[in-house]
Amino acid sequence: GITGGGADSYAYRDSDGNFISRVKNSGNRIALYNQVFNVSYSQPLRDDWGTLVLGFYASSGGVGNNESIRDFDGNTDRSKYRYRSLGLNAEYHRALFQKTVERSPWLNELEFMAIFDGDYENISVAKDRFTYPVEYMAQGQNSYGLSMQLSGAMLNNRLGFILGGRYDYHHGRELSSGNILSKDNIKTVNIGCDNSVCYSANSYRAGITYKIYGKDAVINDSEDMPEHDGAIDIINAKLLFGKSYKSPGAVYLYHADYIGALPVFNNPNLQAQYAKTVEFVLSVALNERKIQTDIVLFVNDINGSVGFNSNYIGVVAFNDEDIDSRGVELSLKLDFKPVIIDVSYSFQKSTRVFQEQLASLRIPETYGFPEHMIKGVLGYQIPKSLGTIHFIGRYIGQRTGHPFNKWGSDNIASRYTIKPYFLLDIN
């Protein structure tokens, strides 16, 4: 077992309580700070050519100036972690077709939207785990994206649709020959762009919204109230599907440090992660939308998920794993001002996909993903427009723990679970 051994260390003990050894860098409290500055400007264009929105953001963060990680003798053996990010974005919206008075039997509304975003991120990461204290260095990487989308309504606003696509480009830092791992360690290697890791990705999304009951279909979360006499305001069904892209985090790409006592071998050759998603939503609004309930069924297939694996010396970042996730989410919102209640429950089964000969040997569940989650929000609008106070409770269910936390390997014999916990926030 593990017992506390002072503010900056823990001790391993046997079943009789006898001391075995200490574990460095455990039980430390680290203060993180994050700062974000965001500004945007919106300008309608002439002759009904739409609206242009320009934005800029800057963010930074890291550990506090008075915080550091120390070993059990009180010596500082970690330097500060820092990141800085700058970004630009531009949005363009234009209504291509709109008939609100004289209804068209086919097309009622059509809108075009285009978004460009780009950011430069500078991150300080551990350069060499064997130096004392660990030396940190700055790494820069660029990302750009362009997305376009058409949305509209047809058949007397009974049927809504969304169709969009996105292109992303990622350019990582320049690599030295020692950073380029062999193809045996990773799924794919894409070295180029002046000896840097770079890749592009295409994504898409599509969806339809069908009004089962009510005057008008709810398109793009419209707040228009249906006009009829029943207790049910509207019933909507939505079907959404798409493919999304996510670049690996800097910790996996560049950070060469420790997880507890295990050395981490970073992998700057990691490729993009992709997720294919299908989602079905049934929404019902009652009593002038004071009562709303949703039922969501979803399927997520993730290809090339990034994680850590053992290389017999420590752990190495890789993206050679596929994950299948299935689930359902139920939600209920009651809006009886000044009191607002919002409750949701979700069940998600997330499993790792293996070859047939490995399926019975490996841990089947995705590490750290709870099957059951419950969230409840109690809001109260303070009189005289003084604001709103929210009490937010979250129940996070039992999860499968990462085997490296208990000196195990990725096999079914090393499987263990982490107990559920509860969080309460006041905003």
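**A walk through the strands, salt bridges and cores**

Arginine 352 counts as buried because its relative accessibility is 9%. Buried here means under 20% relative accessible area, exposed means over 50%, and partly exposed lies in between, with a 1.4 Å probe and protein chains only. This is a predicted model, in which local features need pLDDT of at least 70 and side-chain atom pairs count only at pLDDT 80 or more, while totals for chains, interfaces and linings use all residues. Residues are numbered from 1 along each chain as its sequence is written, and side-chain values use heavy atoms, with hydrogens and water left out.

Stay with arginine 352. It sits in strand E18 (residues 339–353). Strands (E, at least two residues) and helices (H or I, at least four) are DSSP runs, numbered from the N terminus. What does the side chain of arginine 352 reach at 2.9 Å? The partner is the backbone oxygen of isoleucine 363. Such a polar contact is a pair of N or O atoms within 3.5 Å; within protein, one must be able to donate a hydrogen and the other to accept it, and residues adjacent in sequence count only if both atoms are side-chain atoms. Setting aside neighbours within four places in sequence, arginine 352 is in contact with Glu321, Asp322, Ile363, Pro364, Glu365, Thr366, Tyr367 and Asp410. Contact means heavy atoms within 4.5 Å.

One of those contacts, Glu365, leads to the salt bridges. Glutamate 365 and arginine 415 meet through their side chains in a salt bridge, at 3.1 Å from N to O. This pair links distant parts of the chain, 50 residues apart. Glutamate 365 is in the loop between E18 and strand E19 (372–382). Arginine 415 is in the loop between strand E21 (399–400) and strand E22 (417–418). Glutamate 365 counts as buried because its relative accessibility is 16%. Arginine 415, at 36%, is partly exposed. Elsewhere, salt bridges that share partners join Asp117, Arg166 and Asp168 into one network.

How many salt bridges does the structure hold? There are seven. A salt bridge is a side-chain nitrogen of Lys or Arg within 4 Å of a carboxyl oxygen of Asp or Glu. Aspartate 301 and arginine 326 form one of them, again at 3.1 Å from N to O. They too link distant parts of the chain: aspartate 301 lies in strand E16 (residues 291–310) and arginine 326 in strand E17 (residues 315–336), 25 residues apart. Both are partly exposed, aspartate 301 at 26% and arginine 326 at 35%.

Lysine 337 has a salt bridge with aspartate 335, the closest N and O atoms being 2.8 Å apart. Lysine 337 counts as exposed, since its relative accessibility is 54%. A cis peptide bond joins lysine 337 to proline 338, with omega of about 15°. Proline 338 is in the loop between E17 and E18.

Other backbone features are found in loops. Most residues other than glycine have a negative phi, and most peptide bonds are trans. Aspartate 47, not a glycine, has a positive phi of about 55°. It lies in the loop between strand E4 (32–44) and strand E5 (51–63). It is exposed at 67% relative accessibility. Asparagine 287 also has a positive phi, near 50°. Its place is the loop between strand E15 (273–286) and E16. At 37% relative accessibility, asparagine 287 is partly exposed.

Now follow the pairing beyond E18. E19 and strand E20 (residues 387–396) run antiparallel, joined by 10 bridges. Two strands pair if DSSP finds at least two bridges between them. Glutamine 381 has threonine 388 in E20 as its bridge partner. The two strands form a hairpin with four residues between them, and lysine 384 in the turn has a positive phi of about 60°. E20 also pairs with strand E23 (residues 421–426), antiparallel, over six bridges. There, arginine 394 has leucine 423 in E23 as its bridge partner.

Last, the nonpolar interior. A nonpolar core is a set of buried Ala, Val, Leu, Ile, Met, Phe, Trp, Tyr and Cys residues joined through side-chain atoms within 4.5 Å. The largest has nine residues: Leu253, Tyr254, Val264, Leu270, Val306, Phe308, Val315, Ala317 and Phe404. Helix H1 (250–254), E16 and E17 each give two or more residues to this core. Outside its neighbours within four places in sequence, alanine 317 is in contact with Tyr252, Phe265, Asn267, Leu270, Gly307 and Phe308. A second, separate core has five residues, including Val197, Tyr199, Tyr245 and Ala272.
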